[in-house]
Amino acid sequence: MMSTYNVTEKKIATREGFGHEIVELGKINKNIYVVDIDIGKSCKTTEFANQLPNQHINVGIAEQNAAGLAAGLATTGKIPFISTYAVFGSLRMLEQIRQEVCYPHLNVKIACSHGGLTPANDGGSHQAIEDMGVLRTVPNMTVIMAADYHSTRKLVAKAAEHYGPVYLRFTRDTVPVIYGEDEEFEIGKAKKLKDGKDIAIIANGDTLHLALKASELLENEGVSVKLLDFHTIKPLDRDAVVDCLSTGRIITVEDHNILNGLGSAVSEVVAEEGGAVVRRIGVQDKFGESAPYEKLLEMNGITIDNIVATAHSLLK
């Protein structure tokens with residue numbers, strides 16, 4: 001499935017990976033549908049609509065209706081992917097997600113672009129900083145944010161195979177390509193990029209490349225770093241968190257509110273198991289602003305320098 005789109009860019013938004021993969025999946029499985037909210041150009045579903053018009057439905061700017069329609073499709077054996085922005089696909093649709101999708105455990109996928117601070121200049125109203133945290137508290141929901149183009153494609157394919165509600169979060173802005181196209185991923189199974197004994201860094205989505213660079217700088221100083229990609233925050237890879245306890249020091253990095261996201265999920269396991277100190281790097285429980293993406297990350301301490309400084313403070 002990876003041959004149709006030959007991506008050579010060093011940086012590419014993960015929403016592009018979704019747009020490419022959903023076309024390939026739809027060609028193979030005619031039960032896969034896309035339910036659009038009239039923003040297909042931004043969410044990268046226009047190619048699906050062009051190539052597979054009989055599997056595409058545009059409900060207009062009506063997210064709550066989309067959730068009900070997708071639930072209905074799922075009861076007939078279809079596999080609908082609702083495609084919209086993360087703020088709308090999590091918060092505006094929340095009651096319908098809970099009552100019509102998760103409560104009856106229907107096979108609906110919610111595929112959302114513009115996750116976290118990546119909408120940048122669109123401002124705080126369009127920056128979904130609480131979406132994964134809200135949806136991970138809803139029973140039966142799986143929550144995923146891949147780190148790059150190739151992992152996005154693999155995890156979108158896994159989501160299509162997985163029975164039940166899935167929330168997939170993508171970036172608007174470009175992010176570095178980290179993985180090769182042959183890398184394999186499993187829902188609920190963290191990827192270990194480095195193994196170390198002094199400190200563990202756990203990241204996901206668009207922060208993984210920052211954590212990777214920070215780990216390289218720390219290793220140049222003689223620090224042994226364990227680095228993990230927690231692309232799935234629900235179900236969380238509990239065993240991978242427990243494996244980090246041996247370092248005694250864990251840093252979580254996310255483009256999400258530090259409350260109820262990746263950092264909170266990891267801290268819950270650490271609190272139950274004991275044996276490590278956790279420091280959470282992420283959005284500091286405040287709304288975003290209209291500013292360049294990198295500036296917004298800097299304002300919240302989601303930077304390579306802050307990851308390194310936080311590691312130093314823990315190592316002391």
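In this predicted model, Ser151 is buried, since its relative accessible area is 0% and the cut-off for buried is under 20%. Ser151 sits in helix α8, which covers residues 149–161. Setting aside neighbours within four places in sequence, the contacts of Ser151 are Ala146, Tyr179 and Phe185.

Ser151 also belongs to a stretch annotated in a record. An unreviewed UniProt entry places the feature "domain: Transketolase-like pyrimidine-binding" at residues 12–177. In the model, the C-alpha atoms at the two ends of residues 12–177 are 7 Å apart. Helix makes up 44% of this span and strand 18%.

A further feature is the pairing of helices α9 and α13. Their axes come within 8 Å and cross at roughly 50°. The angle is neither under 35 degrees nor in the range 65 to 115, and the two helices are therefore oblique to each other. The crossing of α9 and α13 is right-handed. The residues that make the contact are listed below by helix.

| Helix | Span | Residues in the contact |
|---|---|---|
| α9 | residues 208–220 | Leu210, Ala211, Lys213, Ala214, Leu217, Leu218 |
| α13 | residues 304–315 | Ile304, Ile307, Val308, Ala311, His312 |

Sorted by class, the contact of α9 with α13 consists of nine nonpolar residues, one polar residue and one charged residue. Lys213 of α9 is the charged residue, and His312 of α13 is the polar one.

How values were computed. Residues are numbered from 1 along each chain as its sequence is written. This is a predicted model: local features need pLDDT of at least 70, side-chain atom pairs count only at pLDDT 80 or more; totals for chains, interfaces and linings use all residues. Side-chain values use heavy atoms; hydrogens and water are left out. UniProt positions are given in the numbering used here, feature names are shortened, and annotations may be inferred rather than shown by experiment. Helices (H or I, at least four residues) and strands (E, at least two) are DSSP runs, numbered from the N terminus. Axes are lines fitted to C-alpha atoms, for helices over the stretch in contact, and angles run from 0 to 180 degrees between N-to-C directions. Angles under 35 degrees count as roughly parallel, over 145 as roughly antiparallel, 65 to 115 as roughly perpendicular and the rest as oblique. A crossing is left-handed if the near helix is turned anticlockwise from the far one by less than a right angle, and right-handed if clockwise. Contact means heavy atoms within 4.5 Å. Buried means under 20% relative accessible area, exposed over 50%, partly exposed in between (1.4 Å probe, protein chains only).
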